[in-house]
Amino acid sequence: MNSIRTRLFVILLATTGAVWLFAAAWIYASTQAEVERVLDARLMEAARMVSSLITDHRIDPVAAVDAATANAPPPPFEEAGDSYSRQLSCQIWSLQGSLVSRSESAPATSLASHMNGFEETEIDGERWRVYAVVNPSLGVRVLVGDSLEIRERLIGDVIKGLLLPGIAILPILAALIWLSVGRGLAPLTRIAEGLAGRSASELHPVDDGSVPREVRPVILALNSLFGRVAEARDRERSFTAYAAHELKTPLAGLKTQAQIALRTDDQKVQRDALSHISTSVDRTSRMVRQLIDLATVDASQGVATDEPVDIAALLGEVAAELETQLAVNDAHVAVELGDQAQRPAVLRIDRVLLRLAIRNLLENAIQHSPKGGEVRCRVTVRRNEVVVEILDEGPGIPQAEEKRATERFYRGSKVHGHGSGLGLSIVQMALDRLGGSLAFDRGGRWFTARVSFPLL
Amino acid sequence: MRLLVVEDDEILLDGLKVGLQMCGFTVDTVTSVADAQAAVHADTFDAIILDLMLPDGSGLDVLARMRRSGDRTPVLLLTAKDEVADRIAGLDCGADDYLGKPFDLDEVAARLRAIVRRAHGRAIGHLEWNDMVLDPARMSALRDGTAVALSRREFAILQALMEAPGVIQSKTSLEQKLYGWQEEVESNTVEVHIHKLRSKLGASFIETVRGAGYRLRAVP
């Protein structure tokens with residue numbers, strides 16, 4: 001049942017119906033008890049009345065017996081036409097067991113065999129509740145009976161009078177519930193309409209002041225989602241703007257330098273311009289490669305393919321690949337293997353992403369190394385993690401800028417290198433995907449970038 | 001004409017400096033918002049080339065602050081963002097012109113001359129004074145239809161005088177138009193160039209106002 005309206009409708013209708021039925025059952029029970037009590041009292045009273053009448057000799061039972069009319073029913077009363085009339089039947093039996101007299105509605109056979117009190121009997125398929133009282137002075141027994149069927153009809157009629165209007169009202173009640181639930185849910189519809197009418201760029205929060213308390217958590221969650229989406233969109237936008245700047249600026253430099261080289265007659269100016277062009281092409285191509293790396297990491301979401309990777313071997317491989325860069329900066333890379341002998345550092349991990357992370361870290365270390373400096377890579381396998389450390393002798397990242405260092409295009413305030421500001425953000429993104437973490441450490445001669453992967 | 005170029009990419013900065021010098025401008029360079037603000041505060045420039053994305057902020061901050069303090073130096077914005085909204089924001093902020101990267105050196109020079117010209121209230125590209133015609137775009141000087149050969153600095157001094165004829169230009173303000181920060185100013189250099197100009201154009205062409213500076217003589 002996916003509609004709240006239907007759901008509420010069914011629940012409300014079912015509970016209303018159940019309450020109604022329960023009430024009817026209760027009324028049935030209490031009516032029955034009450035009717036029983038009242039009619040029993042009447043039976044008792046009637047029996048005693050008959051008994052006292054014959055004791056006063058207003059009726060002579062012996063004469064009546066002599067008249068031998070006992071077996072013939074007394075002349076009928078005027079029919080009242082009411083279904084509840086002739087409810088009571090009365091018999092007077094001598095203690096010897098002969099019928100002295102009976103009322104018009106009473107059967108000819110004995111209503112009951114007991115001497116005193118109440119009893120329920122069945123005579124000719126008809127059920128009776130009979131009260132007996134013995135009149136010892138006359139030697140007769142008076143029986144007054146009530147047809148149970150009539151009693152039940154009485155109770156049934158009371159319940160019917162209760163249930164029939166209920167059944168008639170039920171459809172009206174159902175319609176009212178349906179409409180009320182609809183009205184109750186109107187704020188939801190209003191919010192839905194407001195949201196449906198929005199364009200993709202309208203990410204302002206829904207006003208949570210006017211929404212019902214029950215919907216508030218949903219609206220708050222929705223607003224928080226809107227906030228995150230808007231943030232991501234802004235990030236995307238500023239990324240595009242930055243990327244445009246970062247790519248178009250070197251292009252502008254290239255073009256300007258080329259124009260200078262073309263129109264100058266001064267050989268030195270021309271040589272300078274050409275060397276600037278060459279440098280700019282190198283930097284720009286690194287920048288382009290990093291943008292592609294970034295796209296690779298971005299695209300890797302959810303499609304990472306894990307395989308066993310020997311970390312130390314990968315480090316050596318990347319170091320070899322960066323050798324040309326080493327030649328420029330004259331830095332030396334040493335790969336240390338920690339306690340590799342006991343336990344080789346092999347991780348089940350996405351090789352491409354790990355390689356990107358390590359390559360960018362190593363590149364940074366080399367780039368910021370002083371001329372002829374040393375870069376150390378260290379792999380340590382601990383009980384619950386594998387740690388890769390890359391140490392360099394460069395100035396490192398100031399503590400205050402650590403947080404911003406992994407932002408895209410953030411270049412640090414006092415950096416003399418020519419980075420794109422993308423390297424660390426690639427590292428961070430790749431590590432996020434790989435479940436690793438990045439930390440920096442400075443002490444003495446070394447600046448350390450530490451990557452740790454938890455061992456499961 | 002003296003320019004300030006604000007750009008953080010050193011290769012582009014070098015290209016603009018060398019290229020615009022070749023076009024006859026005197027060029028000073030800074031690489032950050034802070035340095036740019038210090039420079040416009042301390043010095044006077046004929047025009048400013050301003051990059052929008054700088055490491056410590058936006059070029060628009062420099063521009064907005066200049067305009068707030070009443071500095072009306074013409075500004076040419078350079079930017080990689082070439083969405084219309086960005087251009088509008090730049091122009092509304094008080095920029096005189098807008099150029100998207102990458103650009104042509106000649107176009108930068110032409111636009112600079114145009115915004116400087118407009119700042120002086122002129123619509124046409126060349127300067128005229130009696131029978132003298134100066135074309136900054138071609139760096140050519142014609143006297144009575146005959147070309148006069150002028151050095152870069154002689155041309156710059158003559159241009160400064162002809163841009164505001166009748167106004168006295170002090171020796172210092174002329175020096176500023178000739179030399180950037182890194183260039184050593186030789187003493188008497190303005191006098192030397194004035195002397196050379198007088199020998200090429202006639203002794204009475206430029207008048208010395210004692211203790212104040214130089215101006216063009218109303219009736220030579």
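Helix α8 of chain B spans residues 189-201, a run of 13 residues. From its first C-alpha to its last, α8(B) reaches 18 Å, close to the 18 Å expected at 1.5 Å a residue. The model is predicted. The points below begin with this helix, continue with the sheets and an annotated site of chain B, and then turn to chain A.

**Helix α8 of chain B**

- The buried residues of α8(B) are Thr189(B), Val190(B), His193(B), Ile194(B), Leu197(B) and Leu201(B).
- Viewed down the axis of α8(B), these buried residues fall within an arc of 135°, so they line one face of the helix.
- His195(B) and Ser199(B), on the other side of α8(B), are exposed.
- Gly202(B), just after α8(B), takes a positive phi of about 105°.

**The open sheet of chain B**

- Chain B contains an open sheet of 4 strands in the order β8-β9-β10-β11, with antiparallel pairing.
- The edges are held by β8 (127-129) and β11 (146-148) of chain B; each has a single partner strand, so one side of each is left without a neighbour in the sheet.
- From one strand to the next, the twist averages 25°.
- Between β8(B) and strand β9 (residues 132-135) of chain B, the antiparallel pairing extends over 3 bridges.
- Trp129(B) has Met132(B), in β9(B), as its bridge partner.
- Helix α6 of chain B, residues 152-163, packs on the sheet and touches β8, β9 and β10 (140-143) of chain B.
- The direction of α6(B) makes about 110° with that of β9(B).

**Strands β1 and β2 of chain B**

- Strand β1 (residues 2-6) of chain B and β2(B) run parallel and are joined by 5 bridges.
- One of the partnerships between the two strands is that of Val5(B) with Thr29(B), the latter in β2(B).
- Strand β2 of chain B, residues 26-30, is mostly covered, as 5 of its 5 residues are buried.
- Thr26(B), Asp28(B) and Val30(B) point one way from β2(B), while Val27(B) and Thr29(B) point the other way; all are buried.

**The annotated residue Asp51 of chain B**

- UniProt, in an unreviewed entry, lists Asp51(B) for "modified residue: 4-aspartylphosphate".
- Asp51(B) is located in strand β3 of chain B, which covers residues 47-51.
- Asp51(B) counts as buried because its relative accessibility is 0%, under the 20% limit for that class.
- Not counting residues up to four places away in sequence, Asp51(B) touches His245(A) of the other chain listed here, chain A.
- With those sequence neighbours again left out, the residues of chain B that Asp51(B) touches are Val6(B), Glu7(B), Asp8(B), Gly59(B), Leu78(B), Thr79(B) and Lys101(B).

**Chain A as a whole**

- The secondary structure of chain A comes to 10 helices and 12 strands.
- Chain A has 456 residues, of which 38% count as buried.
- Among the contacts in chain A with a separation of 6 or more, 65% are accounted for by residues 24 or more positions apart.

**Helix α1 of chain A**

- Both Ala46(A) and Ser51(A) lie in helix α1 of chain A, which covers residues 4-55.
- Ala46(A) is buried, with a relative accessible area of 12%.
- Outside the residues up to four places away in sequence, Ala46(A) touches Leu88(A) and Val144(A).
- The C-alpha atoms of Ala46(A) and Ser89(A) are separated by 9.8 Å, and these residues are 43 residues apart along the chain.
- Ser51(A) counts as buried, at 10% relative accessibility.
- Leaving aside neighbours within four places in sequence, Ser51(A) is in contact with Val133(A), Asn135(A) and Val142(A).

**The hairpin of strands β11 and β12 in chain A**

- Strand β11 (residues 437-443) of chain A pairs with strand β12 (residues 446-454) of chain A in the antiparallel sense, over 7 bridges.
- Arg442(A) stands opposite Phe447(A), which belongs to β12(A).
- β11(A) and β12(A) form a hairpin with 2 residues between them.
- In the turn of this hairpin, Gly444(A) has a positive phi of about 60°.

Conventions
Residues are numbered from 1 along each chain as its sequence is written. Chains are lettered from A and ligands numbered from 1 in the order in which they are written. This is a predicted model: local features need pLDDT of at least 70, side-chain atom pairs count only at pLDDT 80 or more; totals for chains, interfaces and linings use all residues. Side-chain values use heavy atoms; hydrogens and water are left out. UniProt positions are given in the numbering used here, feature names are shortened, and annotations may be inferred rather than shown by experiment. Buried means under 20% relative accessible area, exposed over 50%, partly exposed in between (1.4 Å probe, protein chains only). Contact means heavy atoms within 4.5 Å. The expected span of a helix is 1.5 Å times one less than its number of residues. The arc is that of the directions from the helix axis to the C-beta atoms. Two strands pair if DSSP finds at least two bridges between them. Axes are lines fitted to C-alpha atoms, for helices over the stretch in contact, and angles run from 0 to 180 degrees between N-to-C directions.
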